[in-house]
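Hi,

Here's the structure I promised to pass along. Have a look at it first, and my notes on what turned up are below.

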Amino acid sequence: MIKKFLYGGIIVLIIALVIIGAYLFNLFNAFQSGVSDSFEGTDREGSELREGDIDPSMDSFTVLILGVDENESRKEKNNMDTNDFRTDTMILATFDKDADEVKLTSVPRDTLTYFPEQNYFDKITHAHREGGPDGSMKAVESLLNVPVDFYVRVNMSAVVDMVNAIGGVEFDVPFDMEEPNSTDDGKVKLEAGKQKLNGEEALAVVRSRRVDSDLGRGQRQLEMVEAILGKAKSTGALTKLDELIGVVADNTKHNMKAKTIRSLAAYYSFNNIEFNSTQVRGSDYWHPGNGAYFYWANEEHLYAISKTLRDVLGLEKPEPYDLINVRLMDHITPYQYVEDYYLEEFEPEEPPYFMQEGYEPQFGNGFDIPDSDSEESNEGQGGADQMPGEGTTEEGSTEEESSEEPIREESSQENLNEGAGQNNTEGSGQNDDGSAGQNYDGESSQNYNDGTDSQNYEEPAQEEYNEGAGGFEENTNRSYNGV
């Protein structure tokens with residue numbers, strides 16, 4: 001009798017092992033297929049800010065998370081490809097292998113950033129439309145002076161399907177919401193308070209900016225990423241790996257090899273990972289030339305973030321003027337080409353305001369600071385005369401955005417005089433308004449609407465770019481950017 005039970009137990013165990021083996025084999029094949037289907041490389045072999053190759057299984061590294069507000073109806077309605085969309089979410093995840101920590105840096109979509117390939121400053125959300133994921137990676141590197149090793153681009157369906165696959169997420173909804181659903185054919189309504197969200201509801205939370213602003217939305221996106229990753233690590237969610245792999249295959253693109261993803265999954269699954277997040281601080285800025293709205297990143301906070309992340313990655317400590325937004329803070333004009341002199345030679349005679357004697361630092365390491373007040377930035381409100389650091393105090397934020405595009409005119413008149421780097425009169429490679437570049441006139445280019453009624457994506461309005469227009473008012477030196 002004992003032998004029969006023993007033999008029966010062995011047979012059951014063998015059958016179980018065969019079933020588990022078959023499941024794991026199918027799961028492995030699904031994983032390989034999913035990774036292959038969602039792989040989309042970039043034009044570069046690696047970041048120019050890296051001193052050598054990295055091994056993600058051993059080294060700390062970065063992943064740029066790009067959220068694109070894309071669905072099939074919008075693509076068909078506007079005859080657009082995925083790369084034609086702008087990014088609504090941009091989060092740099094820095095994996096610290098030594099501290100078992102992931103630092104999440106959220107970059108507001110309207111942040112004024114230098115685009116190396118295009119050679120002008122523009123909203124960072126436009127980088128994806130100008131150059132796809134590669135353009136976004138280069139723009140983030142330009143802003144933070146930190147290498148971007150990998151990217152992951154997700155669309156709206158990825159959020160919906162991912163949250164549904166893991167059985168929903170617990171989230172504290174900050175206010176009542178009513179947002180379009182993922183297919184733009186219905187509404188999602190939520191009441192404020194802590195609750196369990198399904199996929200459509202989670203998407204509504206990370207899309208909404210009707211009550212607060214893009215800054216508030218950015219903070220919610222950081223919190224939602226942490227909530228999803230935390231739930232995905234739970235035992236119940238891990239039983240749905242095949243569903244999660246399907247979500248990745250159907251709704252994401254990335255430039256990571258299967259080996260890298262397996263290493264990342266193993267690292268995350270078997271270690272108690274802490275999350276530490278920040279959002280780039282800054283102030284509202286309206287371009288005096290045409291009234292276009294931008295978010296002007298605080299130079300001190302950029303430098304603090306850069307120092308911390310470069311230290312995590314084992315890179316040399318940066319100097320403040322290694323960051324182009326810091327070095328050219330008094331010479332930035334949106335949509336203008338930046339002269340070679342400013343790119344290659346120019347450096348201010350004085351250190352930046354936050355490095356001067358007697359200045360009290362505000363941001364520490366860039367991460368361990370209080371959350372920003374999302375209502376400080378009144379995105380898109382105000383007028384063209386307002387300068388950075390002079391945000392309005394009215395409640396709410398407009399859903400319209402001015403998204404003017406630079407028009408590259410071959411023979412724009414330059415206002416150049418002899419001398420080196422002196423404001424208004426003797427600037428080598430400098431316009432007589434003090435800006436660091438060449439102005440251009442031109443008409444607007446592409447127009448499209450993404451199909452959502454929550455934002456006006458008519459793009460771009462026709463504008464007149466006059467020589468010397470834009471930048472800072474004459475005799476204005478932008479030596480401090482308030483928060």
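Before the strands, one bit of vocabulary: two strands count as paired if DSSP finds at least two bridges between them. Also keep in mind that this is a predicted model.

With that in hand, take β7, residues 169–173, and β10, residues 193–197: five bridges join them, and the two strands run antiparallel. One of the positions to click on is D172, which sits opposite K194 in β10. β7 also has two faces: V169, F171 and V173 are on the covered one, while E170 and D172 are on the uncovered one. So D172, the residue facing K194, belongs to the uncovered face, if we go by the 20% relative accessible area that marks off buried residues.

Next, helix α5, which spans residues 199–207. At its start, a side-chain oxygen of N198 comes to within 3.2 Å of the backbone nitrogen of E200. The helix is mostly covered, with seven of its nine residues buried. Those are G199, A202, L203, A204, V205, V206 and R207.

What does α5 pack against? Its partner is helix α6 (residues 214–232), at an angle of about 140° and with the axes 7 Å apart. That angle makes the two helices oblique to each other. On the α5 side, the contact involves A202, V205, V206 and R207, and they meet R217, R220, Q221 and M224 of α6. By type, the contact residues are four nonpolar, one polar and three charged. The four from α5 are also on the buried list.

Cheers

Notes
Residues numbered from 1 in each chain as written. Predicted model: local features only at pLDDT ≥ 70, side-chain atom pairs only at ≥ 80, totals over all residues. Heavy atoms only, no water. Buried < 20%, exposed > 50% of the residue type's maximum accessible area, 1.4 Å probe, protein only. Polar contact = N/O pair within 3.5 Å; in protein donor to acceptor, adjacent residues only side chain to side chain. Axes fitted to C-alpha atoms, helices over the stretch in contact; angles between N-to-C directions. Parallel < 35°, antiparallel > 145°, perpendicular 65-115°, else oblique. Contact = heavy atoms within 4.5 Å. Nonpolar A, V, L, I, M, F, W, Y, C, P; charged D, E, K, R; others polar.
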